[in-house]
Amino acid sequence: MNGIPLLSIILLAPLVGALVIMALRQDRHIRVVAAVASAVSLVASLYVYANYDSARGGMQFTETVPWIDQLGVAYSLGVDGISLPLVLLTAIVIFAGVFASWTGIRERVKEFHVALLVLVTGVFGVFMARDLFFFLVFYEIAVIPMYILIAVWGSTRKLYGAMKLTIYLLVGSAFLIVGVIAVFLASGTGSFDIATLASVQYDEGFQKFAYLLFLFGFGVLAALWPFHTWSPDGHVAAPTAVSMLHAGVLMKLGAYGLLRVGLWVTPEGAQAWAPLVATLAVIGSVYGAMVAMAQRDMKFVIGYSSVSHMGFVLFGLAGINALSLNGAVTQMFAHGVMTALFFALVGLIYDKAHTRHMPDLGGLARQMPKVAAAFVIAGLASLGLPGLINFVAEFLIFVGSYQVYPVRAVLAVSSIVVTAAYVLRVAKWVFFGPPVEKWAGLTDARGVEMVPIVLLVGTLVFFGFFPSLMTGLIDTGIVSLLEHIGPIQLGGSF
Amino acid sequence: MIEYAWLIPLLPLVSFALIVFVTGRNRLLSAGISIAAIAASFVIAAGVGLEFLHNPETVEYGLPWVDVLGLRVEMGVLLDGISVLMLLIVTFIATLIQIYSLGYMHEDPGFSRYYSYMSLFAFSMLGLVVATNFLQLYIFFELVGLASYLLIGFWYEKHSAAEAAKKAFVTTRAGDFGLLLGILILFSLFGTFDFTELADRIAGFDNIPLLTLLTVLIFLGPVGKSAQVPLHVWLPDAMEGPTPVSALIHAATMVAAGVYLVARTYFLFANAPVALTVVAWVGGITALFAATIATAQDDIKRVLAYSTISQLGYMMLALGVGGFTASMFHLTTHAFFKALLFLGAGSVIIGLHHKQNIWEMGGLYKKMPITTVTFLVGSLALAGLFPFAGFWSKDSIFAVALEHGQVALYWLAVAAAFLTAFYTFRLFFVAFMGRPRSDHHAVESPPSMTGVLVILALFAIGVGFIGSPFIKEGFGHFIYFGKPHVEHLHMNIALTSTAVTLAGITLAWLVYSVRVTSFETLSVALKPAYLLLKNKYYIDEIYRWVGERVVEGFGFVLQWFDRTIIDGVVNGTGTLTEAIGRRLRVVHTGDLQTYALVILSGVALLFAILALVDPVKVLKLGGIL
């Protein structure tokens with residue numbers, strides 16, 4: 001397959017799909033084209049995933065086209081052990097998302113799918129870009145359609161949610177732009193190539209300053225406590241597929257940025273701020289779980305659980321050792337799939353019952369056995385049950401971070417008990433207990449509605465049973481990252 | 001056969017997958033696949049067992065499961081005395097109970113689902129038993145918890161069942177939190193999860209306080225899973241599940257997983273004497289505490305549930321005082337007679353069309369003779385009367401407690417033995433003897449059920465002999481820690497325990513059968529104590545209060561904090577920006593003349609400032625110089 005620009009295919013298939021959709025009239029055709037476009041990305045992603053040479057490691061499937069020579073900007077793509085799982089994640093989630101919108105989205109179908117596919121192009125671009133300029137451009141492409149998608153097709157307090165999300169993220173990216181320009185100027189290389197920027201030894205003070213900018217910019221998107229409140233509000237307001245992409249993929253952009261740009265380019269800065277990140281991350285993970293327990297809207301429960309689980313990711317990033325970083329990347333993938341599944345299921349229930357208020361629901365397992373089973377599986381994933389990939393991710397994070405921050409690790413681990421309590425309670429409230437007469441007419445997921453459920457559950461279970469197919473790949477990326485940044489001393493017994 | 005031992009856990013997994021994906025709609029096929037799989041596992045386990053009897057050597061093999069920089073974990077099979085023993089017990093009893101379930105569950109619409117869960121359980125339990133390392137053990141420890149959750153909540157449309165399932169999972173999770181922490185500390189110290197490697201490295205480790213801490217943390221897992229005080233509260237509620245499930249999972253096998261875990265990791269406990277003392281006292285207190293509650297319960301399954309908690313306490317006590325062999329021996333005999341008792345209770349429940357209150361039973365011996373006789377055998381084994389199975393294992397626990405000078409624990413155990421005899425025969429006399437206490441039409445259960453009862457009854461009589469002093473190279477020759485254990489006859493102990501057991505049975509007979517004094521009078525006379533026991537020391541109420549008021553309350557406080565303080569700042573920032581904008585907007589009047597005036601004034605002002613600072617430059621700018 002040499003010579004075929006696979007990454008460009010993955011990246012541009014959704015964009016091409018969006019362009020074709022603009023010319024179409026019938027809703028059905030629009031949906032099919034969106035499905036085909038995302039299927040192309042998915043198949044190509046799977047091919048790349050299966051054919052990545054782990055023994056060789058490093059950036060593979062690279063493509064480079066110079067763009068602005070004067071600024072050293074180039075359209076250059078590539079994937080390594082860190083980004084490839086996230087590319088696959090994105091492909092899985094958008095494919096599932098198109099099918100999850102099949103019956104739920106009935107208004108302005110064309111505009112919805114165009115915005116959705118453009119957004120995904122941005123996400124793919126961030127994960128593949130080897131050029132910091134393009135990285136930022138794709139980053140903005142991913143954020144902007146979100147506003148439209150929530151504000152137009154959303155539900156509960158959608159304008160507030162959309163505005164809050166957009167302003168938050170744009171403020172964040174303002175910091176990023178300053179950080180990127182600062183690094184570009186300080187490097188003196190005249191290039192935006194991330195690897196080139198990373199090869200420069202910046203002085204420590206500058207690294208601390210630059211990393212702080214990255215930390216805020218990316219941290220907001222990763223729902224770093226206390227800058228997280230945009231995220232539950234955004235999740236709740238967004239339509240199903242957008243919630244799936246938002247929690248499943250978009251929040252990972254932040255964590256990925258911290259790893260790819262923050263840690264790689266300014267390692268000493270990362271090191272200096274790591275203890276603070278660890279503290280905020282642990283607060284987020286426990287706090288998110290506790291607040292989730294107090295929710296009555298299903299989407300808010302999942303929204304806060306995302307804050308909690310992203311806390312684990314950030315905690316892993318703060319550990320800066322092979323196990324914690326591997327766990328963090330695995331957790332990005334695992335949480336992405338799990339939370340997309342959650343939102344797909346909640347969306348189904350909401351489309352049928354028109355409520356997400358849990359005390360009003362109950363006994364749905366009789367009418368919707370498949371949805372109930374899938375929800376329980378998602379719940380088990382979120383509470384870290386072995387047999388699902390989330391367990392491996394959390395375990396790696398705990399093992400890795402414990403060696404650096406034992407006390408904080410204990411606190412983080414404690415949230416698995418709280419998570420079990422609130423997740424199983426949601427399952428009990430919504431699905432178990434005596435059937436409620438009001439919901440007797442609800443129907444189970446069927447036909448296209450089953451596509452996202454089967455795909456997402458299958459992914460969780462497959463990698464849960466064979467985790468080394470993911471952790472082994474990630475390991476190649478982490479090892480070269482750690483070689484690049486050299487020995488890290490993170491201090492203290494706290 | 002040993003090289004095929006990996007199939008033992010895997011076959012039930014295959015059957016689980018087949019039922020879920022293929023045969024779900026065909027009830028009998030699902031049941032057939034499940035039973036065939038577990039029976040095949042039993043055959044392999046029996047082959048492994050025979051080879052082990054000939055050549056008792058430890059065998060270990062496995063495949064890498066996760067292999068990344070700094071961490072390598074295997075999924076494997078470790079075959080030694082205790083794992084081979086457990087493989088035999090689990091596969092044998094699971095086979096019997098799956099057969100029994102054919103009759104018990106045959107009218108249930110969730111028949112296939114039931115067998116898929118049973119297969120899932122068998123896979124998880126057997127995977128736990130053969131674990132070669134801490135992570136594998138933890139993984140399967142969690143998975144048996146999942147199977148337990150699914151089976152307790154099997155009748156999920158019952159509110160109480162759904163609640164009990166959740167309670168079981170969350171309570172044991174709280175224990176697993178400790179277990180996980182212990183494993184993390186262990187890994188950070190020794191860099192491995194492997195039992196064999198750890199056992200080697202632990203010997204030279206001299207930071208005893210840290211070792212004690214991590215061992216006690218690890219012990220929290222077993223406290224949850226084996227329903228020891230204070231995490232015992234989930235087990236009685238778990239009786240919401242179908243009765244064969246209670247027999248298999250919540251009596252014979254899964255709840256013993258905690259005991260097994262301590263035995264498997266005994267190299268840790270043996271090097272941390274304080275942790276061992278904790279184990280002994282938790283076990284001893286649990287044994288007595290649960291036995292007291294069992295005397296005041298009215299639901300046949302709840303009596304048995306508290307009895308299980310109490311007997312698990314015995315096993316922990318035995319481990320704690322150094323009686324590795326005695327503990328495993330009691331685990332073995334208990335698995336048989338308690339499975340028998342639960343299945344007997346199931347037979348009664350079916351015979352009475354789902355009545356579980358013993359005060360609505362009575363006179364069953366006429367209508368259900370096989371169930372009654374086998375239940376009597378089980379009761380005698382549980383009470384520990386010579387020569388039934390429980391007698392041998394209980395005596396060996398008493399003996400080891402005295403040998404190691406644990407007099408207080410010994411008397412605690414003896415007191416519990418008295419109560420055990422009492423509550424067991426209270427149950428027996430009230431439920432089976434006398435006249436019917438309600439208008440019931442009991443009928444004996446079908447042969448698929450009574451046949452299983454008879455087989456188990458034979459074991460409840462006979463299985464104790466394998467560990468009795470009459471057999472030279474018996475139980476302790478294969479199951480031991482350190483050096484093989486030789487059982488002696490302890491006449492004093494045997495006499496004491498027999499006396500205590502007979503006293504308990506007699507008291508039950510006097511009160512509930514002959515009725516020298518009516519229990520009504522007794523319960524009035526001892527009202528405060530009776531109420532305390534009937535309400536299980538109000539521990540559930542206390543936990544519920546803590547759970548709802550304290551933990552959830554804290555959640556609501558944080559929720560308020562999130563909405564009011566954090567979002568207050570966020571929205572406040574937004575509002576402030578907007579307000580500033582609104583003020584500044586006044587300036588944008590759209591009137592050109594005003595703008596021109598402002599510009600002119602601004603330029604004039606700048607010039608004025610410059611003129612003050614640097615007059616020469618101003619003059620130059622003006623072209624004057």
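1. In this predicted model, a good place to begin is B:D80, which lies in the loop between strand 2 (71–79) and helix 3 (81–104) of chain B. With a relative accessible area of 15%, B:D80 is buried, because the term covers residues under 20% relative accessible area. The side chain of B:D80 is joined to that of B:R264 by a polar contact of 2.8 Å. If its neighbours within four places in sequence are left aside, B:D80 is in contact with B:F52, B:T58 and B:R264, so that B:R264 appears both among the contacts and as the polar partner.

2. Helix 3 of chain B also holds B:Q98, and this residue counts as buried at 1% relative accessibility. Which residues surround B:Q98, leaving aside its neighbours within four places in sequence? The residues in contact with B:Q98 are B:S34, B:I35, B:I38, B:Y115, B:M118 and B:S119.

3. A further buried position in chain B is B:A413, whose relative accessible area is 3% and which is found in helix 19 (residues 407–432). Beyond its neighbours within four places in sequence, B:A413 is in contact with B:Y314, B:L317 and B:F398. The reader may also wish to locate B:A401, which is twelve residues from B:A413 along the chain and whose C-alpha atom is separated from that of B:A413 by 9.1 Å.

4. The contact between the two chains deserves a careful look, and it takes 60 residues from chain A and 47 residues from chain B. On the side of chain A, the residues that lose the most area to chain B are A:F395, A:Y402 and A:K428, which together account for 12% of what that side buries. The size of an interface is often given as the accessible area lost when the parts come together. By that reckoning, chain A and chain B bury about 4700 Å² between them, and 72% of this area is on carbon and sulfur atoms.

5. The polar side of the same interface can be described in terms of pairs. How many salt bridges does the rule find across the interface of chain A and chain B? There are six, and one salt bridge that can be inspected directly is formed by B:E552 with A:R425, where the closest N and O atoms are 3.0 Å apart. The rule also finds 18 residue pairs in polar contact across the interface of chain A and chain B, counting pairs with both residues at pLDDT 80 or more. Of the side of chain A that touches chain B, the largest share, eleven residues, comes from helix 16 (residues 406–431) of chain A.

6. On the surface of chain B there is a nonpolar patch formed by B:L531, B:L532, B:Y538, B:I542, B:Y543, B:W545, B:V546, B:V550 and B:V551, which together have about 750 Å² of accessible area. Two elements of chain B give two or more residues to this patch, namely helix 24 (527–534) and helix 25 (539–585), and helix 25 gives the most, with six residues. Among the patch residues, B:V550 is placed in helix 25 of chain B and is partly exposed, with a relative accessible area of 43%.

7. Another member of the nonpolar patch, B:Y538, sits in the loop between helix 24 and helix 25 of chain B and counts as partly exposed at 35% relative accessibility. The backbone of B:Y538 should be checked as well, since it has a positive phi of about 60 degrees although it is not a glycine. A comparable entry in chain A is A:A223, which is likewise not a glycine and has a positive phi of about 60 degrees. Is A:A223 buried or exposed? With a relative accessible area of 3%, A:A223 is buried, and its place is in the loop between helix 8 and helix 9 of chain A.

8. Two cis peptide bonds complete this note on the backbone. In chain A, a cis peptide bond with omega of about 0 degrees joins A:W225 and A:P226, and A:P226 is found in the loop between helix 8 (204–221) and helix 9 (230–237), the loop that also contains A:A223. In chain B, the peptide bond from B:F386 to B:P387 is cis, with omega near 0 degrees, and B:P387 is found in the loop between helix 17 (369–383) and helix 18 (389–403). Most residues other than glycine have a negative phi, and most peptide bonds are trans, which is why such places are worth a second look.

Definitions and conventions. Residues numbered from 1 in each chain as written. Chains lettered and ligands numbered in written order. Predicted model: local features only at pLDDT ≥ 70, side-chain atom pairs only at ≥ 80, totals over all residues. Heavy atoms only, no water. Patch = residues over 30% accessible without salt bridge, like charges linked within 9 Å, V, L, I, M, F, W, Y side chains within 5 Å. Areas by Shrake-Rupley, 256 points an atom, 1.4 Å probe, with all protein chains shown as cover. Salt bridge = Lys/Arg side-chain N within 4 Å of Asp/Glu carboxyl O. Helix = DSSP H or I, 4+ residues; strand = E, 2+ residues; numbered from the N terminus. Buried < 20%, exposed > 50% of the residue type's maximum accessible area, 1.4 Å probe, protein only. Contact = heavy atoms within 4.5 Å. Buried area = accessible area lost by both parts, 1.4 Å probe. Polar contact = N/O pair within 3.5 Å; in protein donor to acceptor, adjacent residues only side chain to side chain.
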